[in-house]
Amino acid sequence: MKSRLGVAIGLQALGAVAAVVPFVAVAELAEVLLADGPVDQGRAWAVASVAAGALVVWLALTTAAGALAHSADLDFQLSVRRRLVKRLGRVPLGWFTDKGAGGIGKAVQHDVDAMHHLVAHSLLNLTASLVTPLATLVYLFLVDWRMALILLIPVVIGVALFIKMMTTLDAETAAYEEAQERISSRVIEFVEGIAVVKMFGEAKRAHRQFAQAADDFSTFFIAWISKGYRKTAASALMVSPITILLSVLVGGTALITSGSLAPEELLPFAIVGLGVAAPLAALDFHGTDLEMAGLAAKRVGALVAAPELAVPDEPRSPERDGGVRVELSGVQFAYDEDRPVLSEVDLVLEPGTVTALVGSSGSGKTTLAKLLPRFFDPTAGSISINGVDLREIAPDQLYRLVSFVLQDVQMLDASVRDNIRLARPDADDESVRRAARAAAIDERVTALPQGYDAMVGRDVRFSGGEAQRLSIARAILADTPIVVLDEATAHADPESEALIQDALSELAAGRTVLVVAHRLASVVGVDRIVVLEQGRVVEQGTHEELLAADGRYARMWRLQEQSQPGDTDPHPYAVTGAVKEAGR
C-alpha cells in the first residue's frame, strides 16, 4: 500500500509540472505572435503542440495517480476496519460503556471516512498545490529574477498570515473535536430515548436539552472560527489572482518605464504567474483536511490500541460436576486509581442458589455484578468458578458458563431469530422457538407477518418489555449455569412486568443466579441478600435474618415500605415458593 501511494504522489508531482507547461506555452506563443515581422508559423505550431501534449500527459499522470491512491485507500480502509473489528471484539465489555456510543461511532464511521480523504485525495491535492507553484516560480526566475521577487511579495505575506491563522486554530482543534463528540452523543441519546421521554411526558424537556447542546456547539463553533477568519480572509486576499496580477502590473510597469524590462517579458508573469494563486489558495483547504485526518487517525489509533481482555496462554475449564460454585475473594475494583468502587469483597454463590445485591445508589452493586461476566477484571483479588479464576478461562468458554440480562437491552439490526440466537448462532429453529416460548415472547413474534424473519428496527419495533423478554430468550437459549440479572423489570409497565417475571422464573430455574436489586420487595425470598455500602459488604443473610439484625438492610426496608406501601409482591428471581422449588 505504501509503495503504491508513493508512486501515486510521484505521478501527481510530475502531473503538476506538466500542468504548468500549457501556461508557459501560452506565454511563449504570445511572444511569437507579437514579434516584429512575419509570424514564425513553425514555431507557433510547435509551441501549441507542446501545450496539447502536456495536457494529455497531465491527464494521464493525474488519472493514474488517482487510481493508484484509491486502490491503496481501499486496501488501507479494509485493513483498518478489520483491525478495528478484531480489536473491539477483544476489549472488555465495560470499555464500551466508558467510551460511549457517540465517540466509538464517530471513530469507526466518520474518522475512517476522514482517513479515506487523506489517503485518496488530500495527499495528491497537497502535492499538486506545492509542486505547481514551485515549478511556476522556477520558470519565472529563469525569465527574470526581479519580477519573480516582486510576484513573491504578496505570496510571502499570504503564507505568513496563513501559518499564523493555523497556529491560532490548532490550539483549539482538539476542543472542537470534543465538542463534536458531545453533540453526537446528545443526538444519539435524544433519538434513542425519545420513546421513553414521550411516554413519561418529558418530550419538551428532552428537546430543550438537545436544543441547548446544539446551541452550545453553535456558540463554541462561532467563537472557534472567529479567532482565525480575519487572518484567513487576509491570507486568501493576498494570494488571490487579482492581488498577484496587480503586483505584477505595478512592478512590471516600474521596470518597463525605467528601461530595465522589455514589455514582452512581462507576459509570462501576467499569464503564468497567476498559476501560483489557485494552488496556494487551495492549501488552506488541503491543510485543514490533513489536520482533521491526522486527528481522526489518532482517534482510530486509540481504538486500535484499546486494552484487550487478557486471554490465558493455557486456558482452563472448570469442572461442572455437582453444580457451579462462584467465589469472590478479596475483590477490589477502581475505574481510576483515585476512585475505588469495591473494597475487599468476599462472597460465595453456592450452586443453584439465588443471591441478591442491594444497597444505595453508587454502592457498587452493578459494578460487582459486571465483574462476573468480565465486563472488567478486578484490580485486586480474584473471582473463580469451581476453583478456576475467571482470567484463566478462555472468553468463549466463559460465556458458555455465564449469561446476563441487563436493564438496557440492545437489539441488533438483524432478524428476530438471529437476535435470539446471538449466543448460539448454530441453534435450530425449534430451539429458538422453545426459548421464545419460555420467555413469553413467541406469541408476539409469530403474530408478525414475517414471523421470526422480521428485521428488528425495520419490520418490527418492540416495546421495552418485549425487548427485555427477547433478551431473556437469548439467555435461556444460551443455557448457561450462571446468570447475572440487573433488575430486568425496572422500567416495565405492570402487564409487561408480569410476563417478564414468568420468563425470569423460567431462566432462574436450576441455575446459580446473581441479582442486582433496586426494590427490596423483589428479593425477600432469595437464598441470600448481600448489602453493599461504599463498595464494601456490610451485611448478608436471608430477609428474615437481616430484619432481625436491625442494621442497614432493615433501615432500607422500612424506608421503602414507607415510600412504596403497596409494593410487597415477590419478584421473579426464584423468590416465590414454586419457583424456588423449580430452582432446586
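**Close-up 1. Asn386, in the loop between β4 and β5.** In this predicted model, Asn386 sits in the loop that links β4 to β5. Its phi is near 50°, a positive value in a residue other than glycine. For background, most residues other than glycine have a negative phi. Is Asn386 buried or exposed, or somewhere in between? With a relative accessible area of 25%, Asn386 counts as partly exposed, because the partly exposed class lies between the buried limit of 20% and the exposed limit of 50%.

**Close-up 2. Arg374, in the loop between α11 and β4.** Here's another residue with a positive phi that is not a glycine: for Arg374 the angle is about 60°. Arg374 belongs to the loop running between α11 (365-371) and β4. How much of Arg374 is accessible? Its relative accessible area is 1%, so Arg374 is buried.

**Close-up 3. The open sheet β2-β1-β4-β5.** Take a look at this sheet of 4 strands, an open one with antiparallel pairing. Which strands are at the edges? They are β2 (339-349) and β5 (388-389), and each of them pairs on one side only. Further in, strand β1 (residues 326-336) and strand β4 (residues 380-385) run antiparallel and are joined by 5 bridges. If you want one pair to find by eye, try Val326, which stands opposite Ile385 in β4.

**Close-up 4. The open sheet β6-β7-β8-β3-β9-β10.** This view shows an open sheet of 6 strands, and its pairing is mixed. The edges belong to β6 (402-405) and β10 (536-541); each has a single partner strand, so one side of each is left without a neighbour in the sheet. How are neighbouring strands of this sheet turned against each other? On average the angle is 20°, direction ignored. As a general reminder, strands of a sheet pair through backbone hydrogen bonds, either parallel or antiparallel.

**Close-up 5. Strand β3 and its covered faces.** Zoom in on β3, which spans residues 354-359. How many of its residues are buried? The count is 6 of the 6, so β3 is largely enclosed by the rest of the structure. You can check this one face at a time: Val354, Ala356 and Val358 are buried on one side, while Thr355, Leu357 and Gly359 are buried on the other.

**Close-up 6. β3 between its partners β8 and β9.** In the sheet order, β3 stands between β8 and β9. With β8 (residues 512-516), β3 runs parallel, and 4 bridges join the two. With β9 (residues 528-533), β3 also pairs in the parallel sense, over 5 bridges. Two residues of β3 let you trace both pairings. Start with Thr355: what are its bridge partners? In β8 the partner is Leu514, and in β9 it is Arg528. Now move to Ala356, whose bridge partner in β8 is Val515 and whose bridge partner in β9 is Ile529.

**Close-up 7. Strand β8, with β7 alongside.** Now shift to β8, where 5 of the 5 residues are buried, so this strand is largely enclosed by the rest of the structure. On one side of β8 the buried residues are Thr512, Leu514 and Val516; on the other they are Val513 and Val515. β8 is also joined to strand β7 (residues 482-486), with 5 bridges in a parallel arrangement. One pair to pick out here is Asp486 with its bridge partner Val516 in β8.

**Close-up 8. A nonpolar surface patch.** Which residues make this patch of about 290 Å²? They are Leu33, Leu34 and Val39. Val39 is found in the loop between α1 (2-34) and α2 (41-88). At 41% relative accessibility, Val39 counts as partly exposed.

**Overview. The whole chain behind the close-ups.** Stepping back, you'll find 20 helices and 10 strands in the chain. The chain has 584 residues, and 45% of them count as buried. The chain exposes about 29,100 Å², with carbon and sulfur atoms supplying 59% of that area. What about contacts between residues at least 6 apart in sequence? Among these, 77% join residues at least 24 apart.

Key. Residues numbered from 1 in each chain as written. Predicted model: local features only at pLDDT ≥ 70, side-chain atom pairs only at ≥ 80, totals over all residues. Heavy atoms only, no water. Buried < 20%, exposed > 50% of the residue type's maximum accessible area, 1.4 Å probe, protein only. Pairing = 2+ DSSP bridges. Contact = heavy atoms within 4.5 Å. Areas by Shrake-Rupley, 256 points an atom, 1.4 Å probe, with all protein chains shown as cover. Patch = residues over 30% accessible without salt bridge, like charges linked within 9 Å, V, L, I, M, F, W, Y side chains within 5 Å. Salt bridge = Lys/Arg side-chain N within 4 Å of Asp/Glu carboxyl O. Axes fitted to C-alpha atoms, helices over the stretch in contact; angles between N-to-C directions.
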